[in-house]
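Please examine the chain displayed below alongside its sequence. The paragraphs that follow lead from the overall architecture to individual residues and then to the pockets.

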Amino acid sequence: MKFGIRTPSLRKSIAARTSAKRFLRHNLGLKAPRGMGWLTNPRKAAYNRVYNRSTISLWSLLAKIFR
């Protein structure tokens with residue numbers, strides 16, 4: 001598990017926004033409501049909750065500094 005600042009990856013952020021799976025889910029309305037991750041995959045949901053609370057994005061850190 002990582003703690004601290006996440007390492008930004010431009011390639012991964014572009015790939016996540018332009019993937020075919022995201023395009024289909026958003027256009028067809030197949031997204032599950034917020035909080036449904038606990039029902040669909042509880043292990044991954046628990047990991048993501050800990051990861052998101054123990055790390056900080058470089059971009060949000062810069063936004064706080066230059067606000």
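Among contacts in the chain between residues at least 6 apart in sequence, what percentage joins residues at least 24 apart? For this predicted model, the share is 77%. Such contacts link parts of a chain that comprises 5 helices and 2 strands, arranged along the sequence in the pattern β-α-α-α-α-β-α.

The overall dimensions set the scene for what follows. The radius of gyration of the chain is 15 Å, whereas a compact globule of 67 residues would have a value near 11 Å. Along the principal axes, the C-alpha atoms occupy a box of roughly 40 × 25 × 20 Å. Burial is recorded for 6% of the 67 residues. Helix α2 is a case of this limited covering: among its 9 residues, the count of buried residues is 0. Just after α2 comes Gly29, which adopts a positive phi of about 70 degrees.

Beyond Gly29, the loop between α2 and α3 contains Met36. Is Met36 buried, partly exposed or exposed? Met36 counts as partly exposed, because its relative accessibility is 30% and the partly exposed class lies between 20% and 50%. Met36 and Thr7 are separated by 29 residues in sequence, and their C-alpha atoms lie 27 Å apart in space.

The N-terminal segment offers another view of sequence and spatial separation. Lys2 belongs to the segment before β1 (4–5). With 33% relative accessibility, Lys2 is classed as partly exposed. From Lys2 to Lys64 there are 62 residues in sequence, and the C-alpha to C-alpha distance is 21 Å. Which residues does Lys2 contact, once its neighbours within four places in sequence are left aside? They are Thr7, Tyr51, Ser54 and Thr55.

One of these partners, Ser54, is located in helix α4. Ser54 counts as buried because its relative accessibility of 19% falls under the 20% limit. When residues up to four places away in sequence are not counted, Ser54 touches Met1, Lys2, Phe3 and Gly4. The contact between Ser54 and Lys2 thus appears from both sides, although Ser54 is buried and Lys2 is partly exposed.

Tyr51, another of the residues in contact with Lys2, takes part in an aromatic arrangement. The structure holds 1 aromatic pair. The centres of the Tyr47 and Tyr51 rings are 6.1 Å apart and the ring planes meet at 10 degrees, so this pair is stacked; the angle criterion for that label is under 30 degrees. Both tyrosines lie in helix α4, with a spacing of 4 residues, about one turn of the helix. Each is partly exposed: the relative accessible area is 45% for Tyr47 and 22% for Tyr51.

Helix α4 also features in the description of the pockets. The largest pocket encloses about 1,000 Å³ of space. Its lining consists of 21 residues, and those nearest its centre are Arg25, Gly37, Thr40, Lys44 and Asn48. Which helices each supply at least two residues of this lining? They are α2 (20–28), α3 (37–40) and α4 (42–54). Of the elements involved, α4 gives the most, with 6 residues. By residue class, the lining of the largest pocket divides into 8 charged, 7 polar and 6 nonpolar residues.

The second largest pocket has a volume of about 270 Å³. Its lining is formed by Arg6, Thr7, Pro8, Ser9, Leu10, Lys12, Ser13, Ser57, Leu58 and Trp59. Thr7, already encountered as a contact of Lys2, is one of these lining residues. At least two lining residues come from each of α1 (10–17) and α5 (58–65), and α1 makes the greatest contribution, with 3 residues. The lining of the second largest pocket comprises 4 nonpolar, 4 polar and 2 charged residues.

Conventions. Residues numbered from 1 in each chain as written. Predicted model: local features only at pLDDT ≥ 70, side-chain atom pairs only at ≥ 80, totals over all residues. Heavy atoms only, no water. 1 Å grid on protein atoms, 1.4 Å probe; cavity = no way out; pocket = protein on both sides within 12 Å on 5 of 7 lines; lining within 4 Å. Points joined across faces, edges and corners; volume = space filled by probe spheres on them. Nonpolar A, V, L, I, M, F, W, Y, C, P; charged D, E, K, R; others polar. Buried < 20%, exposed > 50% of the residue type's maximum accessible area, 1.4 Å probe, protein only. Contact = heavy atoms within 4.5 Å. Phe/Tyr/Trp six-rings, centres within 6.5 Å; stacked < 30°, edge-to-face > 60°. Rg over C-alpha atoms; globule rule 2.2 N^0.38 Å.
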